[in-house]
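Here is a briefing on the structure shown below. Please keep the viewer open while reading the points that follow.

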Amino acid sequence: MNQDDDSNWREYNIHGTDDDADQPFDIFASSTDDDAYETIQYDIDNNITINIRSEKDYDKSTGMSVWTGSEVMCTYLRRHSDVIQNKKVLELGAGCGLCGLVCRMALEAESVLITDGDHQVMKNLRYNVELNGLQLADAATLKSSNATTSCPQLIWGKNHAIKFAEQYGKQDVIVATDCLYISQSVYPLFETANELLEKTGLFLFVNSYPWVCPTEMVLDIATEFGFVSSDDELWYHDDDREKRKNPVHVFRRRKEV
């Protein structure tokens with residue numbers, strides 16, 4: 001799979017229908033106007049600053065803006081840094097790449113794969129990696145050089161994930177936030193996680209828009225693939241705890257008995 005191949009990547013074509021009327025907005029549109037972008041600065045612990053270029057207008061592309069779920073996830077990861085430290089991390093549907101960059105720059109991940117499926121989003125994602133002074137690696141140099149960050153394209157689904165694993169191997173931690181905008185994407189998401197996660201790995205997931213893909217549906221499909229999320233491990237940001245909004249789900253593989 002060519003990591004820059006966008007010829008057949010349209011989420012609603014692959015996982016749903018090609019009826020644009022089903023979409024709340026054009027999830028793949030992006031702007032060529034420099035004035036449409038802004039750079040958001042995140043001040044992280046240990047005097048680390050991460051800069052993210054995103055589009056100002058949320059009604060254009062889901063992958064070109066920073067969404068609530070990624071910020072919630074970053075807070076969780078910073079408070080549970082042991083989950084990431086010295087681990088191989090994969091971010092799915094990364095969009096602007098905030099979570100992956102936090103893992104790489106602030107939490108001492110061994111390696112980070114920051115992925116998305118859309119070609120235009122990938123351009124901006126790689127821009128953000130280099131904006132923060134990181135060297136991009138490909139599959140061949142990821143382990144043989146000082147570069148520990150890579151931004152390959154990853155289209156969800158079992159067959160794509162198998163090919164991806166042949167190049168990059170299985171991962172210790174998979175992170176996915178606010179990346180489900182049609183219900184037909186839930187199954188391919190877990191197909192992908194199932195193929196790419198180590199047996200003892202963690203799949204960390206936030207869906208802050210559950211009216212699009214209901215939590216019950218996500219949990220049911222997770223169960224089909226042998227993933228379980230314990231209520232005891234549900235994590236809420238301080239601002240969301242009272243209303244029980246935007247939980248971080250910690251998925252583990254069900255233990256065989």
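Start at Y76: leaving aside neighbours within four places in sequence, Y76 is in contact with V83, L204, W235, V248 and V250. The model is a predicted one. Y76 is also one of the residues that touch the most other members of the largest nonpolar core.

**Nonpolar cores**

- The largest nonpolar core has 39 residues.
- Within this core, I50, M73, Y76, I84 and L204 touch the most other members.
- Another core, of 30 residues, lies apart from it. Its members include L113, Y168, F190 and L196.
- In soluble globular proteins, nonpolar side chains tend to be buried together.

**Overall make-up**

- The protein chain has 257 residues, and 54% of them count as buried.
- It holds 7 helices and 9 strands.
- Among contacts with a separation of 6 or more, 70% come from residues 24 or more positions apart.
- The exposed area of the protein chain is about 12200 Å². Carbon and sulfur atoms supply 42% of that area.

**The open sheet**

- Seven strands form an open sheet with mixed pairing, in the order β5-β4-β3-β6-β7-β9-β8.
- At the edges are β5 (149-150) and β8 (227-229), each pairing on one side only.
- Strands β3 (residues 88-92) and β6 (residues 171-177) run parallel and are joined by 4 bridges.
- L90 stands opposite I174 in β6.
- Strands of a sheet pair through backbone hydrogen bonds, either parallel or antiparallel.

**Helices across the sheet**

- Helix α3 (residues 98-105) lies across β3, β4 (111-114), β5 and β6. It runs at about 170° to β4.
- Of the 8 residues of α3, 6 are buried, so the helix is largely enclosed by the rest of the structure. The buried residues are L98, C99, G100, L101, V102 and C103.
- Helix α7 (residues 215-224) lies across β7 (197-206), β8 and β9. Its angle to β9 is about 15°.

**The β1-β2 hairpin**

- Strand β1 (residues 37-44) pairs with β2 in the antiparallel sense, over 8 bridges.
- The bridge partner of I40 is I52 in β2.
- The two strands form a hairpin with 3 residues between them. In the turn, N46 has a positive phi of about 65°.
- Strand β2 (residues 48-55) has 6 buried residues out of 8, so it is largely enclosed by the rest of the structure.
- I50 is one of the residues with the most contacts to other members in the largest nonpolar core.

**Helix α6**

- Helix α6 (residues 186-196) is largely enclosed by the rest of the structure, because 9 of its 11 residues are buried.
- The buried set is V186, P188, L189, F190, E191, T192, A193, E195 and L196.
- F190 and L196 are among the members of the 30-residue core.

**T149 in an edge strand**

- T149 lies in strand β5, one of the edge strands.
- Is T149 buried or exposed? It counts as buried, at 1% relative accessibility.
- T149 and V112 are 37 residues apart in sequence, yet their C-alpha atoms are 5.0 Å apart.
- Not counting residues up to four places away in sequence, T149 touches R104, V112, I114, V129, L134, Q135, L136, A137 and L142.
- The side chains of T149 and R104 are joined by a polar contact of 3.2 Å.

**H249 in β9**

- H249 sits in strand β9 (residues 248-253).
- Its relative accessible area is 8%, under the 20% limit, so H249 is buried.
- Which side chain makes a polar contact with the side chain of H249? It is that of S229, at 3.3 Å.
- H249 also touches F203, L204, F205, T215, L219 and L234, not counting residues up to four places away in sequence.

**Positive phi in loops**

- E108 is not a glycine, yet has a positive phi of about 60°. E108 is in the loop between α3 and β4.
- N246 is likewise not a glycine and has a positive phi of about 55°. N246 is in the loop between β8 and β9.
- N246 counts as buried, at 11% relative accessibility.

Notes:
Residues are numbered from 1 along each chain as its sequence is written. This is a predicted model: local features need pLDDT of at least 70, side-chain atom pairs count only at pLDDT 80 or more; totals for chains, interfaces and linings use all residues. Side-chain values use heavy atoms; hydrogens and water are left out. Buried means under 20% relative accessible area, exposed over 50%, partly exposed in between (1.4 Å probe, protein chains only). Two strands pair if DSSP finds at least two bridges between them. Contact means heavy atoms within 4.5 Å. Accessible areas come from the Shrake-Rupley method with a 1.4 Å probe; for residues, only the protein chains shown count as cover. A nonpolar core is a set of buried Ala, Val, Leu, Ile, Met, Phe, Trp, Tyr and Cys residues joined through side-chain atoms within 4.5 Å. A polar contact is a pair of N or O atoms within 3.5 Å; within protein, one must be able to donate a hydrogen and the other to accept it, and residues adjacent in sequence count only if both atoms are side-chain atoms. Axes are lines fitted to C-alpha atoms, for helices over the stretch in contact, and angles run from 0 to 180 degrees between N-to-C directions.
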